[in-house]
Amino acid sequence: MIQGLIIGHRDIGKAVIEALESISGRAEHIDCISNEGLSTGDLTEKIKSFCSINNQDGVVLFVDIFGGSCWRAAKKAKSPNTHIVTGLNLPMLL
C-alpha cells in the first residue's frame with residue numbers, strides 16, 4: 001500500500017488528518033510530521049526514517065508550502081520511490 005506523509009508547519013498535518021477522518025473515516029495509510037522545533041536537517045532525518053520504514057509500495061510526501069523549510073527537507077529526503085506533492089489541502093487528500 002502506498003503511504004502518505006503530511007509535512008507542514010505547526011499542527012497543520014494533524015488538523016488536516018482530523019478533518020479528513022471526520023469526513024471519510026479512519027485514515028490508515030497517512031501520517032504527519034511537524035517542523036516545529038526542528039532544523040531542516042532534523043526534519044529531513046525524520047522524513048527519511050518514515051520513508052525507510054514505510055516504503056514497500058512508495059510514499060507520497062504532501063507538503064504545505066512550495067519552497068519552504070518543509071519542502072526543502074522533503075526534497076533532501078526524497079528517494080526513488082517517493083513523490084512530493086506541494087500545496088497540501090483537504091480536497092487533495094479526499
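**Entry 1: helix H2**

I began with helix H2, residues 40-54, whose 15 residues reach 21 Å from the first C-alpha to the last, close to the 21 Å expected at 1.5 Å a residue. I note at the outset that the model is a predicted one.

I then asked which residues of H2 are buried. The list reads Leu43, Thr44, Ile47, Phe50, Cys51 and Asn54. Viewed down the axis of H2, these buried residues fall within an arc of 125°, so they line one face of the helix. The general background is that an α-helix has 3.6 residues a turn, so residues three or four places apart point the same way.

I looked next at the face of H2 turned away from the buried side and found the exposed residues Ser52 and Ile53 there.

What covers the buried residues of H2? I recorded that the cover includes four strands, S1 (3-8), S2 (30-34), S3 (59-63) and S4 (82-86), together with helix H3 (69-77).

**Entry 2: helix H1**

I repeated the procedure for helix H1, residues 12-24. H1 has 13 residues and an end-to-end C-alpha reach of 18 Å, close to the 18 Å expected at 1.5 Å a residue.

The buried residues in H1 are Gly13, Val16, Ile17 and Leu20. They cover an arc of only 100° around the axis, which puts them on the same side of H1. I traced their packing to S1, S2 and helix H4 (90-93). Strands S1 and S2 also appear in my note on the cover of the buried residues of H2.

After H1 comes Gly25, and I registered a positive phi for Gly25, near 90°.

**Entry 3: the loop after H1**

I located Glu28 in the loop between H1 and S2. Is Glu28 buried or exposed? Its relative accessibility is 55%, and the cut-off for exposed is over 50%, so Glu28 counts as exposed. I also checked Glu28 against Gly4: the two are 24 residues apart in sequence, while their C-alpha atoms lie 9.5 Å apart in space.

**Entry 4: aromatic rings**

I searched for aromatic pairs and counted one. The rings are those of Phe66 and Trp71, with centres 4.7 Å apart and planes at 55°. Stacked requires under 30 degrees and edge-to-face over 60, so this pair is tilted.

I looked up the accessibility of both partners. Phe66 is exposed, with a relative accessible area of 61%. Trp71, at 18% relative accessibility, counts as buried, because the limit for buried is under 20%.

**Entry 5: the chain as a whole**

I closed with totals for the protein chain. I counted four helices and four strands, and from the N terminus on the elements run β-α-β-α-β-α-β-α.

I compared the radius of gyration with that of a compact globule: for 94 residues the latter would be near 12 Å, and the chain has 12 Å, which agrees. The C-alpha trace spans about 35 × 30 × 20 Å along its principal axes.

Of the 94 residues, 39% count as buried. The exposed area of the chain is about 5,200 Å², of which carbon and sulfur atoms supply 54%.

Last, I asked what share of the contacts between residues at least 6 apart in sequence join residues at least 24 apart. The share is 69%.

Technical notes: Residues numbered from 1 in each chain as written. Predicted model: local features only at pLDDT ≥ 70, side-chain atom pairs only at ≥ 80, totals over all residues. Heavy atoms only, no water. Helix = DSSP H or I, 4+ residues; strand = E, 2+ residues; numbered from the N terminus. Expected span 1.5 Å × (residues − 1). Buried < 20%, exposed > 50% of the residue type's maximum accessible area, 1.4 Å probe, protein only. Arc of directions from axis to C-beta. Contact = heavy atoms within 4.5 Å. Rg over C-alpha atoms; globule rule 2.2 N^0.38 Å. Areas by Shrake-Rupley, 256 points an atom, 1.4 Å probe, with all protein chains shown as cover. Phe/Tyr/Trp six-rings, centres within 6.5 Å; stacked < 30°, edge-to-face > 60°.
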